[in-house]
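Open the model in your viewer and keep the selection panel to hand. The stops below go from a contact between domains to the whole chain and then to single residues.

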Amino acid sequence: MAKLATIYIMGKEYKVPSTLTILQAIEASGFLFIRGCGCRGGFCGACSTVYRTKDSYKLKVALACQTKIEDGMFLAQIPFYPGNKATHNLSQIKPTTETLCALYPEIMRCISCGSCTKVCPQDIKVMDYVNAAIRGDYKKIAELSFDCIMCGLCATRCPAEIVQYNVALVARRIYGAHVMKKAQHVDKRLDQMKENQFASEIEELMKSSVDQLKERYTKRDMEK
Ligand code: FES
């Protein structure tokens with residue numbers, strides 16, 4: 001039997017095995033996740049948690065599925081963060097310096113404190129891409145924010161109230177739609193499909209059972 005640890009969820013005390021992650025510990029305490037839990041593997045960003053450890057005044061944040069509990073931990077989930085999300089029309093928007101500042105003027109309030117970078121569970125240089133957003137450097141934002149899982153923790157700590165992940169999302173969309181070169185091989189393959197060049201292969205797939213499809217999938221040629 002694993003040793004028991006004492007944790008506090010929304011202020012109430014629970015004893016759970018000390019080897020669990022925060023997510024598992026909350027479930028072991030009798031809670032059922034309706035929101036605030038998704039992939040359980042650190043990819044979906046649904047399980048943002050704010051916590052404090054025993055004898056420390058510091059508030060910390062983490063992904064609940066990726067963080068082990070500690071004895072004396074005080075926990076609260078952030079299943080949704082009500083961050084500002086600007087609407088835009090991707091086909092009409094231009095990749096200029098002014099665009100991001102017009103959609104999210106709050107980026108100009110960045111004081112470069114680095115809180116967003118410090119809390120990011122993906123180790124993304126969030127502050128650097130916000131600075132790139134101010135300069136209108138779409139390539140830089142797209143590259144730096146590529147691993148963002150939209151957990152929202154950066155926005156929870158930002159004194160300028162920037163919703164960094166939404167800024168990065170629109171910047172990546174603009175970059176993909178208007179700046180990045182189109183992949184020639186995708187266009188070529190789409191043309192081939194329109195010309196019905198793969199009709200027999202598609203017919204064969206449609207006739208396959210789920211198990212046959214799974215086998216084909218696991219044995220497929222993987223791009224290096
Ligand atoms: S449950 Fe998906 S990142 Fe934690």
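Start with the two sides of a domain contact in this predicted model. Here 8 residues of domain 1 are in contact with 8 residues of domain 2. On the domain 1 side, select strand 4 (residues 60-63), which gives the most to the surface touching domain 2, with 3 residues. Colour that side of domain 1 by residue class: 5 of its residues are nonpolar, 3 are polar and none is charged.

Next, colour by domain. The assignment gives domain 1 as 4-77, domain 2 as 97-179 and domain 3 as 184-218. Place a centre for domain 1 and another for domain 2, taken over C-alpha atoms; 27 Å separate them.

Now select the largest nonpolar core, which has 49 residues. Which residues have the most contacts inside it? They are Ile141, Cys154, Val167 and Ala171. Both domain 1 (4-77) and domain 2 (97-179) give residues to this core, so it lies between them. In soluble globular proteins, nonpolar side chains tend to be buried together.

Stay in the core and centre the view on Ile141. Leaving aside neighbours within four places in sequence, Ile141 is in contact with Tyr129, Ala132, Ala133, Ala168 and Ala171. Ala171 also belongs to the core residues with the most contacts.

Zoom out to the whole chain, drawn as a cartoon. The protein chain has 10 helices and 5 strands. Its radius of gyration is 22 Å, well over the 17 Å that the globule rule gives for 224 residues, so the chain is more spread out than a compact globule. Along the principal axes, the C-alpha trace spans about 65 × 50 × 30 Å. Buried residues make up 25% of the 224 residues. Of the contacts between residues at least 6 apart in sequence, 59% join residues at least 24 apart.

Switch the colouring to pLDDT. The mean over the protein chain is 94, and 100% of its residues reach 70 or more. Among the elements, helix 4 (residues 126-135) has the highest mean pLDDT, 98, and helix 8 (residues 184-194) the lowest, 91.

Finish in helix 8 by selecting Lys194, which is found there. Is Lys194 buried or exposed? With 8 C-beta neighbours inside 10 Å, Lys194 counts as exposed. For a last distance, pick the C-alpha atoms of Lys194 and Cys113: these residues are 81 apart along the chain, and the two atoms are separated by 52 Å.

Methods:
Residues are numbered from 1 along each chain as its sequence is written. This is a predicted model: local features need pLDDT of at least 70, side-chain atom pairs count only at pLDDT 80 or more; totals for chains, interfaces and linings use all residues. pLDDT is the predictor's confidence in each residue, from 0 to 100. Helices (H or I, at least four residues) and strands (E, at least two) are DSSP runs, numbered from the N terminus. Domain bounds come from an automatic or database domain assignment. Two residues are in contact if their C-beta atoms, placed from the backbone, lie within 7 Å. Ala, Val, Leu, Ile, Met, Phe, Trp, Tyr, Cys and Pro count as nonpolar, Asp, Glu, Lys and Arg as charged, and the others, Gly among them, as polar. A nonpolar core is a set of buried Ala, Val, Leu, Ile, Met, Phe, Trp, Tyr and Cys residues joined through C-beta atoms within 7 Å. A residue is buried if 20 or more other C-beta atoms lie within 10 Å of its own, exposed if 12 or fewer, and partly exposed in between; C-beta atoms are placed from the backbone. The radius of gyration is taken over C-alpha atoms; the globule rule is 2.2 Å times the number of residues to the power 0.38.
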